[in-house]
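Subject: Structure handover

Hello,

Here is the structure for your files. My notes on what was found in it follow below.

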Amino acid sequence: MDRPLTVNLQSMRVDLVGSLLRPDSLKDAFVKYGAGTVNESELKKAQDDAIRAVVAKQAARDLPVVVDGEFRRTSFMESFSVVAGVEEWQAGVKSYHEVLKRSDRDETVTHKGQDPILLNRKRVTQKLKLVRNSLLDDFRFTQSLTDRPVKVTLIGPDRIQQCYDADSSRGVYPSTAEFLRDVVIVERQIIEQLSQAGCRYIGIDAPGYTAYVDPDSLAAIRSRGEDPMEVMERSINADNEIIAGIPETIFGIHICRGNRQSLWHREGHYDAIAERLFAGLQHSRLLLEYDTERAGSFEPLRFVPKGKIAVLGLITTKVGRVESVDELRRRIDEAAHYLSLEQLAISPQCGFASSLRGNLLSEDEQFRKLEVMLEVARKVWN
């Protein structure tokens, strides 16, 4: 049954990217499931319990939209694992023990880490086909827990394209354009079903767009004989096609430079792509990473068209230091020199747990950051 909207989703002044830190009890359940000591129904119960608890914590803080924290996934990429035809996204990860084996604080954010997903490009073995829309099940369960709108996230075509091994897949798809066409068909199915079930806010994870400003990524694209700007244009078109004509649903798109376990994978300012990207994407809300100097200045915000909201990812999810209200207000004031306050909002820079292990901060620090975000929004926009 559809739930009533309680907020104007388009004009929300706060947002969540999608993932939240998994509690230890849920991590333990994944480990035991991987080891074969608990079954699928026991894992599902642990997921259900953890989602109930995290939804209640969000509601208690009066967040206008809630997420399930991606608690049923080991990675944000798994929204595409429901599609037949592509080799396992988690190639190289033998078990959940492997995902969790390191201590929670054995990395630093000073390192530009490689993303293993991109190092293991995926071969397609048959035409893409949606097997089961598990995101629909996830939405229905979470929405049954609250009268607040539930945001659902899925990986976008651009990142899927960047993970695709075109050379090894030519027997199925002679060209990347043909592969991307079927990606669009499958993702439209997922999104249409979510919208029809009453999901009113869908977020697209699109970390790949920063590849078109990162020197190493640009070199890799060119080494494959591709023109980066042509690839970006193809991705923008695909991103627009998967949401075109979907009624009564707000779409956001999230752009960052990498987030797995508090690492970052790309560098480069928005300037070189902002005009084409911000104007070309048809999503109503642009969730933009802006927590470090790697993102550059706010000047590219001048290219955000009327009618869209630029959600400033000013709150880092990589470390536990909780930003102050004053420093965040100052940064919003800086951004307002290029885009009016009516077109601005605030959010964390990324999810808090792009993978099962999560970033290098505590759950308490995570929620304190969200509380500061809400306080800033009240003081700036109310």
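**Surface and overall make-up**

The protein chain has an accessible surface of about 15,500 Å², and carbon and sulfur atoms hold 48% of that. Please keep in mind that this is a predicted model. The chain has 382 residues, of which 58% count as buried. Its secondary structure consists of 12 helices and eight strands. Among contacts in the chain with a separation of 6 or more, 82% are between residues 24 or more positions apart.

**Confidence**

The mean pLDDT of the protein chain is 86, with 86% of the residues at 70 or more. Residues 1-5 have pLDDT below 50, and in the model this stretch makes 10 contacts beyond near neighbours in sequence. The pLDDT is also below 50 over residues 115-119, a stretch with 15 contacts beyond near neighbours in sequence.

**Helix H5**

Helix H5 covers residues 134-143 and is mostly covered, with seven of its 10 residues buried. Those buried residues are Leu135, Leu136, Asp138, Phe139, Phe141, Thr142 and Gln143. What do the buried residues of H5 pack against? Their partners are two helices, H2 (40-60) and H7 (176-196), and the strand E3 (151-155).

**Arg148**

Arg148 sits in the loop between H5 and E3. Is Arg148 buried or exposed? Its relative accessible area is 17%, and the cut-off for buried is under 20%, so Arg148 counts as buried. A polar atom of the Arg148 side chain lies 2.8 Å from the backbone oxygen of Leu63.

**Phe179**

Phe179 is a residue of helix H7, the helix that also appears among the packing partners of the buried residues of H5. Phe179 counts as buried because its relative accessibility is 2%. Which residues does Phe179 contact, leaving aside its neighbours within four places in sequence? They are Val124, Leu128, Ile160, Gln161, Tyr164 and Tyr173. For one of these, Gln161, the position along the chain is 18 residues from Phe179, and the C-alpha atoms of Phe179 and Gln161 are 8.3 Å apart.

**In short**

To recap the items above: H5 has seven of its 10 residues buried, Arg148 is buried in the loop that follows between H5 and E3, and Phe179 is buried in helix H7. When using the model, note the two stretches with pLDDT below 50, residues 1-5 and residues 115-119.

Regards

Technical notes. Residues numbered from 1 in each chain as written. Predicted model: local features only at pLDDT ≥ 70, side-chain atom pairs only at ≥ 80, totals over all residues. Heavy atoms only, no water. Buried < 20%, exposed > 50% of the residue type's maximum accessible area, 1.4 Å probe, protein only. Helix = DSSP H or I, 4+ residues; strand = E, 2+ residues; numbered from the N terminus. Contact = heavy atoms within 4.5 Å. Polar contact = N/O pair within 3.5 Å; in protein donor to acceptor, adjacent residues only side chain to side chain. pLDDT = per-residue confidence, 0-100. Areas by Shrake-Rupley, 256 points an atom, 1.4 Å probe, with all protein chains shown as cover.
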